[in-house]
Amino acid sequence: MSSRAAAKTKPTDQQADRPARLLAWYDRHRRKLPWRAVAGERADPYCVWLSEIMLQQTTVRAVGPYFEKFVARWPDVTALGRAALDDVLRMWAGLGYYSRARNLHACAVAVLNDHGGVFPNTEDGLRALPGIGPYTAAAIAAIAFDRRTMPVDGNIERVVTRLYAIEAALPQAKPLIQEMAATLLGPSRAGDSAQALMDLGATICTPKKPACALCPLNDDCAARVRGDQETFPRKAPKKSGALRRGAAFVVTRGGELLVRSRPEKGLLGGMTEVPGSQWLAGQEDAAALAQAPELKGVARWHRKAGIVSHVFTHFPLELMVYTASVPPRTRAPEGMRWVPVATLDGEAFPNVMRKVIAHGLDL
DNA sequence: AATTCGTGGCG
DNA sequence: TCGCCAAGAAT
């Protein structure tokens with residue numbers, strides 16, 4: 001009822017009126033997303049949590065199919081908490097940032113064991129769970145439990161730094177942005193306020209070429225007045241990582257492929273890979289890396305023409321691919337195993353490994 | 001506090 | 001093409 005009244009209120013005080021204008025815009029233009037409740041209804045905490053974890057540094061488009069798959073297989077936190085970690089990793093394969101999958105499972109187990117299968121309904125309670133940081137705790141508290149708090153993600157950072165023309169650079173400016181973002185909270189509907197800012201950032205206040213003419217806050221946007229919207233938020237320059245090179249071995253035994261699991265910590269933690277060399281920077285002759293002690297028994301290798309290129313967040317990678325075919329009943333080296341090529345889709349391969357295998361097997 | 005975590009799409 | 005960016009967290 002408050003939103004209806006606010007929509008008809010004359011914006012005499014622009015500053016004070018922002019929360020209401022934001023919600024009025026949201027009520028007309030909110031995106032329909034799989035994890036979002038029908039307008040006016042409270043969202044399911046499990047769906048909010050699952051989507052928020054998946055959406056960390058990941059686009060709505062990429063998350064969509066994964067969210068649907070997860071909810072279909074594990075409809076509630078209890079089901080997910082009882083699932084095998086390997087199954088969760090396999091379902092997560094391809095989405096990236098794999099520690100999220102590990103923490104997702106750990107969080108479900110914690111909710112099940114320590115909270116009776118019910119999510120904590122406070123920001124602090126949520127913040128204590130694995131994989132839930134400051135943003136996600138605030139987002140779930142606001143969206144699923146209507147707590148009056150403002151989560152600040154990349155979208156909201158952009159909207160707020162433009163609205164107030166905040167000159168301080170990220171990440172140092174985070175506390176200030178958090179403070180200013182909170183001014184956009186009205187007396188109620190905190191979750192909708194947050195989602196409104198996210199939708200605004202995603203559809204109107206975009207990084208490039210923002211559609212300011214359509215923005216409900218354009219009247220008093222400081223950056224727009226100055227005409228340099230696109231320069232916000234200010235960011236400290238980030239250094240790009242050096243190219244690394246390595247070799248990967250695609251070894252087949254009939255219709256089977258030789259694989260192993262990566263260590264649980266670190267890059268691609270816990271995911272499946274084909275054996276390979278280390279990935280090193282400043283390696284002039286990548287062929288020198290094509291020595292794998294465990295695979296010395298293989299009679300003849302074939303250097304596959306071409307290179308598999310991949311770009312991680314902090315470094316680009318080039319892999320040479322070597323293939324070999326070994327006789328039936330050849331034992332897998334220590335720590336490795338054979339998996340049927342026919343079921344590779346169900347394995348926990350990160351995308352870089354899917355590229356390698358596709359290259360080596362001519363898939 | 002600065003790094004380390006994937007992947008895909010976009011201009 | 002290639003750097004930027006996406007509902008950040010853990011260390």
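A residue is called buried here when its relative accessible area is under 20%, and that cut-off underlies much of what follows for this predicted model.

**Helix 10**

Helix 10 spans residues 154-163, and because 9 of its 10 residues are buried, this helix is largely enclosed by the rest of the structure. The buried residues comprise Asn-155, Ile-156, Glu-157, Arg-158, Val-159, Val-160, Thr-161, Arg-162 and Leu-163, a list in which Glu-157, Arg-158 and Arg-162 stand beside Ile-156, Val-159, Val-160 and Leu-163. Just beyond the helix, Ala-165 adopts a positive phi of about 45 degrees.

**Leu-22 in helix 2**

A second buried site is found in helix 2, which covers residues 14-29 and contains Leu-22. Leu-22 has a relative accessibility of 0%, which is under the 20% cut-off, and therefore counts as buried. When neighbours within four places in sequence are left aside, Leu-22 is in contact with Leu-184, Ser-193, Ala-196, Leu-197, Leu-200 and Leu-217. For one of these partners, Ala-196, the separation from Leu-22 is 174 residues in sequence, yet their C-alpha atoms are 6.5 Å apart in space.

**The two domains and their interface**

Chain A is divided into domain 1, residues 2-231, and domain 2, residues 244-361. To the contact between them, domain 1 contributes 7 residues and domain 2 contributes 13 residues. The centres of the two domains, taken over C-alpha atoms, are separated by 38 Å.

The size of an interface is often given as the accessible area lost when the parts come together. The values for this interface are collected below.

| Property of the domain 1 and domain 2 interface | Value |
|---|---|
| Area buried | about 750 Å² |
| Share of that area from carbon and sulfur atoms | 56% |
| Salt bridges | 1 salt bridge |
| Polar contacts, both residues at pLDDT 80 or more | 1 residue pair |

By class, the side of domain 1 that touches domain 2 is made up of 4 nonpolar, 1 polar and 2 charged residues. Which three residues supply 60% of the area that domain 1 buries against domain 2? They are Arg-90, Tyr-98 and Arg-102, and no other three residues supply more. Arg-102 also forms a salt bridge with Glu-264, in which the closest N and O atoms are 3.6 Å apart; this pair counts as a salt bridge because the cut-off for the nitrogen and the carboxyl oxygen is 4 Å.

Methods: Residues are numbered from 1 along each chain as its sequence is written. Chains are lettered from A and ligands numbered from 1 in the order in which they are written. This is a predicted model: local features need pLDDT of at least 70, side-chain atom pairs count only at pLDDT 80 or more; totals for chains, interfaces and linings use all residues. Side-chain values use heavy atoms; hydrogens and water are left out. Buried means under 20% relative accessible area, exposed over 50%, partly exposed in between (1.4 Å probe, protein chains only). Helices (H or I, at least four residues) and strands (E, at least two) are DSSP runs, numbered from the N terminus. Domain bounds come from an automatic or database domain assignment. Contact means heavy atoms within 4.5 Å. Buried area is the accessible area (1.4 Å probe) that two parts lose on being put together, summed over both. A salt bridge is a side-chain nitrogen of Lys or Arg within 4 Å of a carboxyl oxygen of Asp or Glu. A polar contact is a pair of N or O atoms within 3.5 Å; within protein, one must be able to donate a hydrogen and the other to accept it, and residues adjacent in sequence count only if both atoms are side-chain atoms. Ala, Val, Leu, Ile, Met, Phe, Trp, Tyr, Cys and Pro count as nonpolar, Asp, Glu, Lys and Arg as charged, and the others, Gly among them, as polar.
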